[in-house]
Amino acid sequence: MDCLKWLQGQQEAGLLRQLRPLQRQAASGAVRLADSGQAIIDFSSNDYLGLSCHPQVITAGQQALAQQGCGAGAARLMSGDFVVHHELEQALATYKEQEAALLFGSGYQCNSTVIPALMGRHDVIFADRLSHASIVDGCRVAGCAVHRFRHNDLGHLAQLLQQHRGPGAALIVVESLYSMDGDFAPLAELVALKEQYDCLLMVDEAHATGLFGPQGSGLVAAARCSGQVDIVMGTLGKALGGFGAFIAAEQVVIDYLINRARGFIYSTALPPALMAASLAAIKVCQEDEDLRRQLWDKVAFFIRELARYQVKVSSASQIIPLFIGASDVAVALADSLRKQGVLVTAVRPPTVPQGSARLRLSVTCQQGYEDLGRAAELIAQGLERFGR
Ligand SMILES: *Cc1c(COP(=O)(O)O)cnc(C)c1O
């Protein structure tokens, strides 16, 4: 592999990815560019409720850090299994209305190891075409037949099930809220198909956990499908403001994963302080309905502000895609907005389909109303400058 040549090719195609460090102040939640010190309004964060900087979360983490130390020191099945891991798993199982839960190092690790643990070479997987890379990679490692259905297209899924269900085990895998488009999976209909074709159903709730459903427990619970979804996946790193991920399922599935999921078995346990912080974050999520109300008020306000400048977007969630088309235009627009203090991510292929590059705007509780109004104006001006 000629690394330099490859990188130059990416640069020319407007596809080069680069790191840009930020500095954050937990007390205010304010974020700055590390190099210039410029304050920014962050539309790229998945810390939707601002829980990463919530005083109760920080205090819980600090206390556990002081009492239990930093790293867990080993994998769970060695000596890295602490009481706080079990407390958090119990809280997550209850929150997700499932029998049990199991923690994983990250959402990427979770999906990419759980899918191959469950599915073998003679089985078959049906996955939404917009599935997250971690799901795609999990399917690849499983080494079985994988059929991708058109995004949220139940007719297409039914057709694929009809053709390819086969005699082995079958898994349908979807996200409840799609991370790049901000739209929802039709969970009740997916449950009906899963039952008709005797499949397992796995739902990734990375972006829905903490925000939707009773006490923010997710869209599966909101759709009253908890009893029919076999495997619920969620992350601790998005609305819960921490890091890590989990599967919630029947106890027998969890026991199986403890024995079979290589990304669980052969990886160091999550740090205990982070587990304590996540326990506090779930408690805040369950108790503070007002935090979610603030978020939805801000989403509605931001969409109205954009509309005032003739920028039409539609979203029923905190994720607002602004379709641009060409990757280089999306990147140039994101660059120019960043120089003006608005941090948005240009999402390009292969993360999204060819020709559908977009700015992905996520609204969070950390943004003030003034920030949202100012950002809407700058985004509208930017779009006009780039002729969109
Ligand atoms: C972010 C995300 C993941 C990965 O979670 P991490 O904890 O960030 O590794 C998995 N699935 C979906 C849908 C995601 O958006």
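A polar contact is a pair of N or O atoms within 3.5 Å. The views below show a predicted model.

**View 1. Polar contacts between the ligand and K238, H207 and Y108.** In K238, a polar side-chain atom is placed 2.7 Å from an oxygen atom of the ligand. The side chain of H207 has an N or O atom 2.6 Å from an oxygen atom of the ligand. Y108 takes part through its backbone, where a polar atom is 2.8 Å from a ligand oxygen atom. The ligand on its own exposes 380 Å², of which the protein buries 84%.

**View 2. The shell of residues around the ligand.** The ligand is surrounded by 14 residues, and the closest of these are G107, Y108, D204, H207 and K238. By type, the shell comprises eight polar, three nonpolar and three charged residues. Helix 4 and strand 9 (231-235) are the elements that contribute two or more residues to this shell. The largest share comes from helix 4, with three residues.

**View 3. The crossing of helix 4 and helix 9.** Helix 4 spans residues 107-118 and helix 9 spans residues 251-260; their axes come within 10 Å and cross at roughly 105°. Angles of 65 to 115 degrees count as roughly perpendicular, and the two helices are therefore roughly perpendicular to each other.

**View 4. Residues at the contact of helix 4 with helix 9.** On the side of helix 4, the contact is formed by V114, A117 and L118. Helix 9 contributes Y256, L257 and R260. Five of the residues in this contact are nonpolar and one is charged, while none is polar.

Key:
Residues are numbered from 1 along each chain as its sequence is written. This is a predicted model: local features need pLDDT of at least 70, side-chain atom pairs count only at pLDDT 80 or more; totals for chains, interfaces and linings use all residues. Side-chain values use heavy atoms; hydrogens and water are left out. Axes are lines fitted to C-alpha atoms, for helices over the stretch in contact, and angles run from 0 to 180 degrees between N-to-C directions. Helices (H or I, at least four residues) and strands (E, at least two) are DSSP runs, numbered from the N terminus. Angles under 35 degrees count as roughly parallel, over 145 as roughly antiparallel, 65 to 115 as roughly perpendicular and the rest as oblique. Contact means heavy atoms within 4.5 Å. Ala, Val, Leu, Ile, Met, Phe, Trp, Tyr, Cys and Pro count as nonpolar, Asp, Glu, Lys and Arg as charged, and the others, Gly among them, as polar. A residue is near a molecule or strand if one of its heavy atoms lies within 4 Å of it. A polar contact is a pair of N or O atoms within 3.5 Å; within protein, one must be able to donate a hydrogen and the other to accept it, and residues adjacent in sequence count only if both atoms are side-chain atoms. Accessible areas come from the Shrake-Rupley method with a 1.4 Å probe; for residues, only the protein chains shown count as cover.
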